[in-house]
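Student: I have just opened a new structure and would like someone to walk me through it. Could we take it step by step?

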Amino acid sequence: MVDEGAVEPGTLRPGGRTARVRAAVLRAAGDLLAEAGFDRLDLAEVARRAEVGKTTVYRRWGTPSGLVADLLGDMAEQSAPRTETGSLDGDLLANAGLVRRTLADPRQGPLFRAVIAAAGTDPRAAEALHRFYAVRVREWAPCVRQAVDRGELPEGTDAEEVIRFVSAPLYYRLLTAGAPPDAAAAERAARAAAAAARAGVFTSPGPGTAAVAGAAED
């Protein structure tokens, strides 16, 4: 019999009993988080909904923050892969569309709002959120590097920063307007990021830039 408390989340073979328990617990945790927010993410209630023993949940995840960390890690692994359209505009539009659909999803939208709120006060929730977005940014950054290789963008463009720039206004709209961004907002975000990247906004200064600037001031 597998001791579920002695195994790190995500390390078990797919299809095993512990993998099924983890899937049920994460599904229940996501539902409760979306319904009630982080403050009411009770491990005993998660266990009841997942139809597993409370001891298993407390022993394996320990705290609501630990459960959120595993939930976001699983979501990052399961997220849709990068779309490659062959052009910078097409790739960034695909990225913005994915973000918009996620935030408009009746389950994932509230879930992300709850985790973002929790990240302001709970270090483990913040760390889990940062890891989730780091995975997603790394997944999409190659489309910007490919645009540099095709000559669509200047050399030295910070690929990860371009991807962050696509998502930022969409999350800002969600948090400030209280409603998910629509398709028009997603298109504006993607086209603004593409235009800024072409203008060199995201290029890193060369190694000699600082020295040249200093000499000009003397």
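Tutor: We can go through the overall make-up, the confidence and then some charged residues.

Student: Fine, so how many helices and strands are in the protein chain?

Tutor: Keep in mind that this is a predicted model. The protein chain has 10 helices and zero strands, and along the sequence its pattern reads α-α-α-α-α-α-α-α-α-α.

Student: And what percentage of the residues is buried?

Tutor: Of the 218 residues in the protein chain, 41% are buried. The chain exposes about 11,400 Å², and 53% of that area is supplied by carbon and sulfur atoms.

Student: What share of the contacts comes from residues 24 or more positions apart?

Tutor: Taking the contacts with a separation of 6 or more, 66% are between residues 24 or more positions apart.

Student: New topic, then: what is the average pLDDT of the chain, and which elements have the lowest and highest means?

Tutor: The average pLDDT is 84, with 86% of the residues scoring at least 70. Among the elements, helix α9 (residues 183-198) has the highest mean, 98, whereas helix α10 (residues 209-217) has the lowest, 42. Over residues 1-14 the pLDDT is below 50, although this stretch has 25 contacts in the model beyond near neighbours in sequence.

Student: What about residues 207-218, how many contacts does the model have there beyond four places in sequence?

Tutor: The model has zero such contacts for residues 207-218, and the pLDDT stays under 50 over that stretch.

Student: Let's move to charges. How many salt bridges does a search of the whole structure find?

Tutor: The search finds 15 salt bridges. One of them joins the side chains of E45 and R49, with N to O at 3.0 Å. Both residues lie in helix α2 (residues 43-50), four residues apart, which is about one turn of the helix.

Student: Are E45 and R49 buried or exposed?

Tutor: Neither extreme applies, since E45 counts as partly exposed at 21% relative accessibility, and R49 is also partly exposed, with a relative accessible area of 32%.

Student: Which residue does E152 form a salt bridge with?

Tutor: E152 forms a salt bridge with R198, and the closest N and O atoms are 3.7 Å apart. E152 lies in the loop between α7 (123-149) and α8 (159-177) while R198 is in helix α9, so the pair ties together parts that are 46 residues apart in sequence. E152 is partly exposed at 23% relative accessibility, and R198 is partly exposed with a relative accessible area of 38%.

Student: Which residues are linked in a network of salt bridges?

Tutor: The network links D89, R150, E152, E187, R191 and R198.

Student: I also noticed D91, so where is its place, and is it buried or exposed?

Tutor: D91 sits in helix α5 (residues 88-104). D91 is buried yet has no salt bridge.

Student: Why no salt bridge for D91?

Tutor: The nearest side chain of opposite charge, R150, is 4.5 Å away from D91, and a salt bridge needs the nitrogen within 4 Å of the carboxyl oxygen, so the pair does not count as one.

Student: What does D91 touch, then?

Tutor: Leaving out residues up to four places away in sequence, D91 touches T83, E84, T85, G86, W140, C143 and R150. Among them, E84 forms a salt bridge with R82, with the closest N and O atoms 2.7 Å apart, and E84 counts as partly exposed at 47% relative accessibility.

Definitions and conventions: Residues numbered from 1 in each chain as written. Predicted model: local features only at pLDDT ≥ 70, side-chain atom pairs only at ≥ 80, totals over all residues. Heavy atoms only, no water. Helix = DSSP H or I, 4+ residues; strand = E, 2+ residues; numbered from the N terminus. Buried < 20%, exposed > 50% of the residue type's maximum accessible area, 1.4 Å probe, protein only. Lys, Arg positive; Asp, Glu negative; His and termini not counted. Contact = heavy atoms within 4.5 Å. Areas by Shrake-Rupley, 256 points an atom, 1.4 Å probe, with all protein chains shown as cover. pLDDT = per-residue confidence, 0-100.
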